[in-house]
Amino acid sequence: MWNADIYDSFGKERMQPSIDLAARLKDKKFKRILDVGCGSGMSTAAILSTWKDAEVIGVDLSEEMLQNARETMPQVQFIRRNCSKPLLDMGTFDLIFSNAFLQWIPNQEEIINQAFSMLKEGGVLAVQIPLFDEMPASRCITDAEKNWTQQLKGIEEEQFVVHPPLQYYEMFAEHFPEINMWTTDYCYIMDSHEEVLNFLKGAALRPHIGRLSETELQMFMNEVLTNLKNAYPARKNGTVLFPFRRLFLTGKK
Ligand SMILES: C[S@@+](CC[C@H](N)C(=O)[O-])C[C@H]1O[C@@H](n2cnc3c(N)ncnc32)[C@H](O)[C@@H]1O
């Protein structure tokens, strides 16, 4: 289950990659745009402010996330769809945009193949994927998981899978004659380690919530918190610098 309120509580940090991805394409005219895995609509809002006259459709599996999106952008059609299943019936698009979604899908290559066939000639697929496995925070979670293997059995099915950047390049290069690929290191300045933990609860730690009892969850989160304190020492002024690398790819058909 996705919790829109927890996810949205770091709106500025979570929306910036969509703003940056859209900015790279802002000179292009797109008439029909699909936001795949649109969630609560933060990526959709970045699309809307860049291409004001476009017809924009957002698709996501979580009704709760979509509910938030519908409240803020009544002009957009938000549809509940399982995006790991075919979406070909939705027609063709000038831009297929996907921010922080692909890693939640097991059949990522299929989705890229499908997106290519759903693009009009000259259309663009634009994605952003957090390179979470490269970050110390990833280790902070996997180390804590080791103490809860029994309770967390099968959690892999709900966790995201991030492939190495070169693998995404190969998936794009299979189809797209024109590709742009880059990474951006964001540095989130957090007030405390608790704030870093809360940020992680919005996505990476989401599958753990619900698999552990309330007491177990508290203990598990405390373990993650201790690991975070060791991995990201607080600065002199008490803040915690939380660097976060994100991979961007655009492919033009
Ligand atoms: C990290 S959020 C990104 C949301 C939005 N794109 C943004 O930039 O804020 C990932 C989204 O993927 C959605 N999702 C995960 N698996 C999905 C699936 N199989 N089909 C559709 N959406 C899915 C979740 O519901 C969630 O809203």
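This report walks through the packing, hollows, cysteines and a few individual residues of a predicted model.

## Helix 3 and its neighbours

Let us begin with helix 3, which covers residues 42-50. Its buried residues are Met42, Ser43, Thr44, Ala46, Ile47 and Leu48. Which elements do the buried residues of helix 3 pack against? Two of the partners are helices, namely helix 1 (4-8) and helix 2 (11-24). The others are strands: strand 1 (32-36), strand 2 (55-60), strand 3 (77-80) and strand 4 (93-99).

A useful reminder when looking along a helix: an α-helix has 3.6 residues a turn, so residues three or four places apart point the same way.

## Phe78 in strand 3

Strand 3, one of the partners of helix 3, is home to Phe78. Phe78 has a relative accessible area of 7%, so this residue counts as buried. Beyond residues up to four places away in sequence, Phe78 touches Cys38, Thr44, Gly58, Leu66, Ala69, Arg70 and Met73. Thr44 in that list is also one of the buried residues of helix 3.

For a sense of distance across the model, take Phe78 and Pro136. These two are 58 residues apart in sequence, and their C-alpha atoms are 35 Å apart in space.

## An enclosed cavity

How many cavities of 30 Å³ or more does the structure hold? There is 1, and the volume of the largest cavity is about 100 Å³. Its lining is made up of 13 residues, and those nearest the centre are Val36, Ile96, Ile111, Ala115 and Leu125.

Strand 4, helix 5 (108-118) and strand 5 (119-130) each give at least two residues to this lining. Helix 5 provides the largest share, with 5 residues. By class, the lining of the largest cavity has 11 nonpolar residues, 2 polar ones and no charged ones.

## The largest pocket

The largest pocket has a volume of about 940 Å³. It is lined by 46 residues, and Trp2, Ala100, Phe101, Trp104 and Arg206 are the ones nearest its centre. In this lining, 23 residues are nonpolar, 13 are polar and 10 are charged.

Several elements supply at least two lining residues each. On the helix side, these are helix 2, helix 3, helix 4 (63-72) and helix 8 (193-201). On the strand side, they are strand 5 and strand 7 (240-252).

## The loop between strand 4 and helix 5

Ala100, one of the residues nearest the centre of the largest pocket, sits in the loop between strand 4 and helix 5. Its relative accessibility is 19%, so Ala100 counts as buried, the cut-off being under 20%. Most residues other than glycine have a negative phi. Ala100 has a positive phi of about 55 degrees although it is not a glycine.

Gln103 is in the loop between strand 4 and helix 5 too, and Gln103 is buried, with a relative accessible area of 3%. Where does the side chain of Gln103 reach? It comes to 3.2 Å from the backbone oxygen of Ala100. Leaving out residues up to four places away in sequence, Gln103 touches Gln108, Ile129, Pro130, Phe160, Val161 and Val162.

## Ser84, one loop earlier

Ser84 belongs to the loop between strand 3 and strand 4. With a relative accessible area of 19%, Ser84 is buried. Its side chain makes a polar contact of 2.9 Å with the side chain of Asn82.

Setting aside neighbours within four places in sequence, Ser84 is in contact with Ile105, Asn107 and Ile111. Ile111 is a residue we have met already, as one of those nearest the centre of the largest cavity.

## Cysteines without a bridge

A search of the whole structure for disulfides finds 0. Why is Cys140 without a disulfide? The closest cysteine sulfur, in Cys187, is 15 Å from the sulfur of Cys140, which is too far for a bond. Cys187 is likewise in no disulfide, its nearest cysteine sulfur being that of Cys140.

Buried or partly exposed: which word fits each of these two cysteines? Cys140 has a relative accessibility of 4% and counts as buried, whereas Cys187, at 42%, counts as partly exposed.

Conventions
Residues are numbered from 1 along each chain as its sequence is written. This is a predicted model: local features need pLDDT of at least 70, side-chain atom pairs count only at pLDDT 80 or more; totals for chains, interfaces and linings use all residues. Side-chain values use heavy atoms; hydrogens and water are left out. Buried means under 20% relative accessible area, exposed over 50%, partly exposed in between (1.4 Å probe, protein chains only). Helices (H or I, at least four residues) and strands (E, at least two) are DSSP runs, numbered from the N terminus. Contact means heavy atoms within 4.5 Å. On a 1 Å grid over the protein atoms alone, a cavity is a set of points where a 1.4 Å probe fits but cannot get out, and a pocket is an open set with protein on both sides within 12 Å along at least five of seven lines; lining residues have an atom within 4 Å of a point. Grid points are joined across faces, edges and corners, and a volume is the space filled by probe spheres set on the points. Ala, Val, Leu, Ile, Met, Phe, Trp, Tyr, Cys and Pro count as nonpolar, Asp, Glu, Lys and Arg as charged, and the others, Gly among them, as polar. A disulfide is a pair of cysteine sulfur atoms within 2.5 Å. A polar contact is a pair of N or O atoms within 3.5 Å; within protein, one must be able to donate a hydrogen and the other to accept it, and residues adjacent in sequence count only if both atoms are side-chain atoms.
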